[in-house]
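Visitor: I am new to this structure and should like to be guided through it by questions. May we begin once it is displayed?

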Amino acid sequence: MGVSELANKLVSAAIQGPRIFGIASIFLRQGYKGNSIADDLQNFDIKGALIDAREIVGGIDDDGNFQPEWLKTTWKPVIVGDLATRGLQLIRRVIREVV
């Protein structure tokens with residue numbers, strides 16, 4: 001593997017970083033009961049993980065009411081990370097065409 005191939009792979013990994021951190025934020029974000037989905041899975045609390053996933057991912061509280069502000073705080077990092085990744089991919093493609 002040459003230096004240019006290695007650099008290309010490193011740039012590709014760096015470009016995917018915002019998308020990966022956006023998705024990871026869902027699992028690492030604390031639920032409204034105090035645990036994150038990752039904490040529940042680490043403690044083998046499957047029921048707690050499903051409840052936290054319902055709250056964090058779906059925005060539905062214990063009473064079954066929809067909480068749109070919960071969705072905003074959950075999905076904003078995912079959407080921003082995806083848009084940043086797409087922007088970086090576009091910039092990389094433009095630079096590759098110019099050079």
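Guide: Let us begin with one residue, Asp-62, which is partly exposed with a relative accessible area of 49%. Here buried means under 20% relative accessible area, exposed over 50%, and partly exposed in between, with a 1.4 Å probe and protein chains only. The model is predicted: local features need pLDDT of at least 70 and side-chain atom pairs count only at pLDDT 80 or more, while totals for chains, interfaces and linings use all residues. Residues are numbered from 1 along each chain as its sequence is written, and side-chain values use heavy atoms, with hydrogens and water left out.

Visitor: With which residue does Asp-62 form a salt bridge?

Guide: A salt bridge is a side-chain nitrogen of Lys or Arg within 4 Å of a carboxyl oxygen of Asp or Glu. For Asp-62, the closest N and O atoms of the pair are 2.8 Å apart. The partner is partly exposed, with a relative accessible area of 30%. That partner is Arg-54.

Visitor: Which residues are joined into one network by salt bridges that share partners?

Guide: The structure holds three salt bridges. In one of them, the side chains of Asp-82 and Arg-86 meet at 2.9 Å, N to O; in another, those of Arg-19 and Asp-82 meet at 2.8 Å. Because Arg-19 lies in helix α1 and Asp-82 in helix α4, the latter pair ties together parts that are 63 residues apart in sequence. Through shared partners, the network joins Arg-19, Asp-82 and Arg-86.

Visitor: How many residues does helix α4 have?

Guide: Helices are DSSP runs (H or I, at least four residues), numbered from the N terminus, and strands are E runs of at least two. The expected span of a helix is 1.5 Å times one less than its number of residues. Helix α4 covers residues 68-98 and reaches 44 Å from its first C-alpha to its last, close to the 45 Å expected. Its number of residues is 31.

Visitor: Where in α4 does a kink lie?

Guide: The bend at a residue is the angle between axes fitted to the seven residues ending there and the seven starting there. In α4 a kink of about 40° lies shortly before the proline Pro-77. The residue at the kink is Trp-75.

Visitor: Is Thr-74 buried or exposed?

Guide: Thr-74 is found in helix α4, and what covers the buried residues of that helix includes α1 (3-28) and α3 (46-58). Contact means heavy atoms within 4.5 Å; not counting residues up to four places away in sequence, Thr-74 touches Ile-26, Arg-29, Ile-56 and Val-57. Because its relative accessible area is 1%, Thr-74 counts as buried.

Visitor: How far apart in space are Gly-64 and Val-99?

Guide: Gly-64 is found in the loop between α3 and α4, whereas Val-99 lies in the segment after α4. Gly-64 is exposed, with a relative accessible area of 53%, and Val-99 is exposed at 83%. The two are 35 residues apart in sequence, and their C-alpha to C-alpha separation is 55 Å.

Visitor: Which residue has a positive phi although it is not a glycine?

Guide: Most residues other than glycine have a negative phi. The residue in question lies in the loop between α2 (37-42) and α3 and counts as exposed at 73% relative accessibility. With a phi of about 60°, it is Phe-44.
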